[in-house]
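Here is a short briefing for a first look at this structure. Keep the sequence and the 3D view at hand while reading.

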Amino acid sequence: MTALRLPGIEACVFDAYGTLFDVNSAARSAQDELGARWQPLADLWRTKQLQYTWLRGLGGHHADFWTVTSDALSFALESLQLDDAALHERLMTLYLSLNVYPEVPETLARLKAGGMRLAILSNGTPAMLAAAATNSGIADVLDAVLSVEEVGVYKPHPSVYGLASDRLQLAPVRICFLSSNGWDAYAGKAFGFRALWCNRFRQAPERLPGTPDAQIDTLAELPDIVLG
């Protein structure tokens, strides 16, 4: 457990996919059809999903995250010779009810009880995020659910991070931003947030501007860092 303290934080803003929601859980839930290929599928699906957000952003060809997620899944299924329309539909439906990581409910409850404002800031569409938050039982503790669709470009564009400051009416330094994606945590810090990288997957540090304030292993460490 880190001894880090971040005083003056008034809100915690979370990335959704990979930070609160387990992006592997959709493919894991379809093991009856996928067998041992569920993990390679999950990995490739996620990789292409992120690549398509960046490539569309750079090319100026925005499509919403539901479309990007579907296209990435189509690529992954075809690459693994699993191309099947019914399986595609099942996996996309499962993506709307991803599991939260085990520590998430208690962590959010502790933060809320301590007076912290809580929000999601995500690439996901409003409908995707509403479904995931509702199905996982965390919707009631959230003060805001913010989607990149409000600005029409994906992370790590600075306008995305500005959504949190604008909606919560807080200076970035009063916001603690949490992401399990290293590039996202670095970009949030570069924007001006206090940023914690929830390095669930023990990745190497990024070589990017905006080194996060600290790394944590799980979100369970967060309340002790931001609550007085």
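A cavity is a set of grid points where a 1.4 Å probe fits but cannot get out. By this rule there are 2 cavities of 30 Å³ or more. The model is a predicted one. The points below start with the sheet, move on to the spaces, and end with some backbone details.

**The sheet**

- An open sheet is built from 6 strands, and their pairing is parallel.
- Across the sheet the order runs E3-E2-E1-E4-E5-E6.
- Strand E3 (144-147) and E6 are the edge strands, as each pairs on one side only.
- From one strand to the next, the twist averages 25°.

**Pairs within the sheet**

- Strand E1 (residues 11-14) pairs with E4 in the parallel sense, over 4 bridges.
- In that pair, Phe 14 stands opposite Leu 178 in E4.
- Strand E4 (residues 175-179) also pairs with E5, again in the parallel sense and over 4 bridges.
- Here Ser 179 faces its partner Trp 197, standing opposite this residue in E5.
- On to the edge: E5 and strand E6 (residues 214-216) are joined by 3 bridges, in the parallel sense.
- Leu 196 stands opposite Ala 214 in E6.

**Strand E5 and helix H9**

- How many of the 5 residues of strand E5 are buried? The count is 4, so strand E5 (residues 194-198) is largely enclosed by the rest of the structure.
- Buried here means under 20% relative accessible area.
- E4, helix H9 (residues 182-191) and E5 together make a β-α-β unit, and this unit is right-handed.
- H9 lies across both E4 and E5. The helix runs at about 170° to E5.

**Cavities and the largest pocket**

- The largest cavity holds about 60 Å³ of space.
- Its lining includes Asp 15, Tyr 17, Phe 65, Ser 122, Asn 123, Gly 124, Lys 155 and Trp 183. Arg 46, Leu 50 and Asn 181 also line this cavity.
- The largest pocket has a volume of about 290 Å³.
- 17 residues line the largest pocket, and the closest to its centre are Arg 46, Leu 50, Asn 181, Phe 201 and Gln 203.
- Which helix gives the largest share of the lining of the largest pocket? That is H3, with 5 residues.
- Helix H3 (38-59) and H9 each supply at least two residues of this pocket lining.

**Backbone details**

- Most residues other than glycine have a negative phi, and most peptide bonds are trans. The next points show departures from this pattern.
- The peptide bond from Lys 155 to Pro 156 is cis, and its omega is near 10°.
- Pro 156 sits in the loop between E3 and helix H8 (158-168).
- Gln 81 has a positive phi, near 55°, and is a residue other than glycine.
- Where is Gln 81 placed? Gln 81 is in the loop between helix H4 (65-79) and helix H5 (85-95).
- Is Gln 81 buried or exposed? Its relative accessibility is 74%, so Gln 81 counts as exposed. The cut-off for exposed is over 50%.
- Arg 202 also has a positive phi, near 55°. Its place is in the loop between E5 and E6.
- Arg 202 counts as exposed because its relative accessibility is 67%.

Note on methods. Residues numbered from 1 in each chain as written. Predicted model: local features only at pLDDT ≥ 70, side-chain atom pairs only at ≥ 80, totals over all residues. Heavy atoms only, no water. Buried < 20%, exposed > 50% of the residue type's maximum accessible area, 1.4 Å probe, protein only. Pairing = 2+ DSSP bridges. Right-handed = clockwise from strand over helix to strand, strands pointing away. Axes fitted to C-alpha atoms, helices over the stretch in contact; angles between N-to-C directions. Contact = heavy atoms within 4.5 Å. 1 Å grid on protein atoms, 1.4 Å probe; cavity = no way out; pocket = protein on both sides within 12 Å on 5 of 7 lines; lining within 4 Å. Points joined across faces, edges and corners; volume = space filled by probe spheres on them.
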